[in-house]
Amino acid sequence: MTAEAACTHIKSIDEVRPAKRRECAECVKIGSTWVHLRTCQTCGGTRCCDSSPNRHASKHARASTHPVICSAEPGERWLYCYPHDAMAEY
Ligand SMILES: [Zn+2]
Ligand SMILES: [Zn+2]
Ligand SMILES: [Zn+2]
């Protein structure tokens with residue numbers, strides 16, 4: 001079984017929500033920086049990845065139980081589900 005098949009969250013996404021902004025709004029607020037950006041597929045918010053000092057995307061996923069993010073980096077086309085630890089390209 002592939003990771004994609006194991007995750008019902010990623011399966012239920014018909015259309016990937018693209019990043020509206022090229023910044024992490026929460027890092028901007030506190031004057032911090034980030035490494036990569038991820039976009040929540042439930043609310044459309046763009047936040048920073050786990051390689052960034054503040055890890056806002058995974059904090060948001062835990063706090064809100066929004067499970068799936070996509071990469072907001074140019075040229076990257078993948079989704080990731082936090083609760084299932086599943087990744088899928090699209
Ligand atoms: Zn899932
Ligand atoms: Zn951030
Ligand atoms: Zn969200």
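**Exercise 1: the sheet around strand 1**

Find which residue of strand 2 is the bridge partner of R38.

*Solution.* This is a predicted model, where local features need pLDDT of at least 70, side-chain atom pairs count only at pLDDT 80 or more, and totals for chains, interfaces and linings use all residues. Residues are numbered from 1 along each chain as its sequence is written, chains are lettered from A and ligands numbered from 1 in the order in which they are written, and side-chain values use heavy atoms, without hydrogens or water.

- Step 1: Take strand 1, residues 37-40; strands are DSSP E runs of at least two residues, helices H or I runs of at least four, numbered from the N terminus.
- Step 2: Strand 1 runs antiparallel to strand 2 (residues 46-48), with three bridges joining them; DSSP has to find at least two bridges for strands to pair.
- Step 3: Reading off the partner, R38 goes with R47.
- Step 4: Now the turn: strands 1 and 2 form a hairpin with five residues between them, and G44 there has a positive phi of about 85°.
- Step 5: On to strand 3, which also runs antiparallel to strand 1 and is joined to it by three bridges. Here C40 has I69 as its bridge partner.

**Exercise 2: two faces of a strand**

Work out which residues of strand 1 point one way and which the other, then look at what surrounds L37.

*Solution.*

- Step 1: L37 and T39 point one way, R38 and C40 the other. Both sets are buried (under 20% relative accessible area; exposed is over 50%, partly exposed in between; 1.4 Å probe, protein chains only).
- Step 2: L37 has a relative accessible area of 2%, so it is buried.
- Step 3: Skip the neighbours within four places in sequence, and the contacts (heavy atoms within 4.5 Å) of L37 include C24, T46, C48, C70 and A72.
- Step 4: For a non-local distance, the C-alpha atoms of L37 and N54 are separated by 12 Å, with the two residues 17 apart along the chain.

**Exercise 3: the zinc ion (ligand 2)**

Which atoms coordinate the zinc ion (ligand 2)?

*Solution.*

- Step 1: Collect the donors (N, O and S atoms within 2.8 Å of the metal, 3.2 Å for Na, K and Ca). You get SG of C24, C27 and C48 plus ND1 of H56, at 2.0 to 2.3 Å.
- Step 2: Check the angles: they span 106 to 119°, and the site is tetrahedral (for four donors, all angles between 85 and 135 degrees).
- Step 3: Write the spacing along the chain: C-x2-C-x20-C-x7-H.
- Step 4: Check burial: C48 and H56 are both buried.

**Exercise 4: the zinc ion (ligand 3)**

Why does the arrangement around the zinc ion (ligand 3) count as tetrahedral, and which parts of the chain does the pair C43 and H66 tie together?

*Solution.*

- Step 1: The protein donors are SG of C40 and C43, NE2 of H60 and ND1 of H66, lying 2.0 to 2.3 Å from the ion.
- Step 2: The arrangement is tetrahedral because the four donor atoms subtend angles of 99 to 118°.
- Step 3: The spacing reads C-x2-C-x16-H-x5-H.
- Step 4: C43 sits in the loop between strands 1 and 2, and H66 in the loop between helix 4 (56-64) and strand 3, so the pair links parts that are 23 residues apart in sequence.
- Step 5: Burial splits this pair: C43 is partly exposed at 32%, while H66 is buried at 19%.

**Exercise 5: cores and cysteines**

List the residues of the largest nonpolar core and count the disulfides in the whole structure.

*Solution.*

- Step 1: A nonpolar core is a set of buried Ala, Val, Leu, Ile, Met, Phe, Trp, Tyr and Cys residues joined through side-chain atoms within 4.5 Å. The largest has eight: C7, I10, V68, C70, L79, C81, A86 and A88.
- Step 2: Strand 3 (68-71), strand 4 (78-81) and strand 5 (86-89) each supply at least two of these residues.
- Step 3: A separate second core has five residues, among them C27, L37, C48 and A72.
- Step 4: The disulfide count (cysteine sulfur atoms within 2.5 Å) is zero. For C49, the nearest cysteine sulfur is that of C48, 6.8 Å away.
- Step 5: C49 is at 3% relative accessibility, so it counts as buried.

Note on methods
Four donors count as tetrahedral if all angles lie between 85 and 135 degrees; four count as square planar and six as octahedral if opposite donors are over 155 degrees apart and all others between 65 and 115; anything else is irregular.
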